[in-house]
Amino acid sequence: MSAAGRGRWRLRALWGRICLAPFESAIAALIVAQAVIAVAGVGLVDPVETLLPDWLATGFNVAYLAAGLLLLFGVLRPRGDVEGAGLVLLACLVIGRGFLFGTLLGWGLQSITSLAFSTVVAVACVARIHLLVRSGR
């Protein structure tokens, strides 16, 4: 098989993996893109990040980058353990960020709404981990 043929076969295999978990693939790619943009210091400024020390804001962004890469590699390569690690990290980050938002800005309606959204994302992560465990991945 030629190099071009092997490349097309790999691309088809990759596309097949994305089609099996399209939302997980999209979320992972968006998390990676957002984290890279935030670490690079371009794009929209996150209001919570402006209240944090630089080292903590950078730490959050690097952790999001790690979670996104783990998710992406876990989905694209059939590795449930890698994807699960990314899901656990993501769940911890969104819940921690929700509590941080409330602590820094007060526990008003916006903070509670943010934490509710974070909880929904964390529950989705747990549901995906449950699915991975049940499928034996």
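Here are a few questions and answers about this predicted model.

Me: How far does helix α2 reach from its first C-alpha to its last?
Reply: Helix α2 runs over residues 22-40, which makes 19 residues. At 1.5 Å a residue you'd expect 27 Å, and the model comes close to that. From first C-alpha to last, α2 reaches 27 Å.

Me: Which residues of α2 are buried, and why do they sit on the same side?
Reply: In an α-helix, residues three or four places apart point the same way, because there are 3.6 residues a turn. Here the buried ones cover an arc of only 130 degrees around the axis, so they end up on the same side of α2. Phe23, Leu30 and Ala40 are exposed on the other side. The buried set is Ser25, Ala28, Ile31, Val32 and Ala35.

Me: Which element gives the most residues to the largest nonpolar core?
Reply: That core has 21 residues, and Leu52, Phe60, Tyr64, Leu71, Leu90 and Leu93 touch the most other members. Two or more residues come from each of α2, α4 (54-76), α5 (80-105) and α6 (109-135). The top giver, with 7 residues, is α5.

Me: Which residues of α2 does Tyr64 touch?
Reply: Leaving out residues up to four places away in sequence, Tyr64 touches Leu90, Leu93, Val94 and Arg97, among others. Its list also includes three residues that fall within 22-40, the range of α2. Those are Ile31, Gln34 and Ala35.

Me: What kind of aromatic pair do Phe99 and Trp107 form?
Reply: Their ring centres are 6.0 Å apart, with 65 degrees between the planes. Planes over 60 degrees apart count as edge-to-face. So the Phe99 and Trp107 pair is edge-to-face.

Notes:
Residues are numbered from 1 along each chain as its sequence is written. This is a predicted model: local features need pLDDT of at least 70, side-chain atom pairs count only at pLDDT 80 or more; totals for chains, interfaces and linings use all residues. Side-chain values use heavy atoms; hydrogens and water are left out. Helices (H or I, at least four residues) and strands (E, at least two) are DSSP runs, numbered from the N terminus. The expected span of a helix is 1.5 Å times one less than its number of residues. Buried means under 20% relative accessible area, exposed over 50%, partly exposed in between (1.4 Å probe, protein chains only). The arc is that of the directions from the helix axis to the C-beta atoms. A nonpolar core is a set of buried Ala, Val, Leu, Ile, Met, Phe, Trp, Tyr and Cys residues joined through side-chain atoms within 4.5 Å. Contact means heavy atoms within 4.5 Å. Rings of Phe, Tyr and Trp (its six-membered ring) pair if their centres lie within 6.5 Å; planes under 30 degrees apart count as stacked, over 60 as edge-to-face and the rest as tilted.
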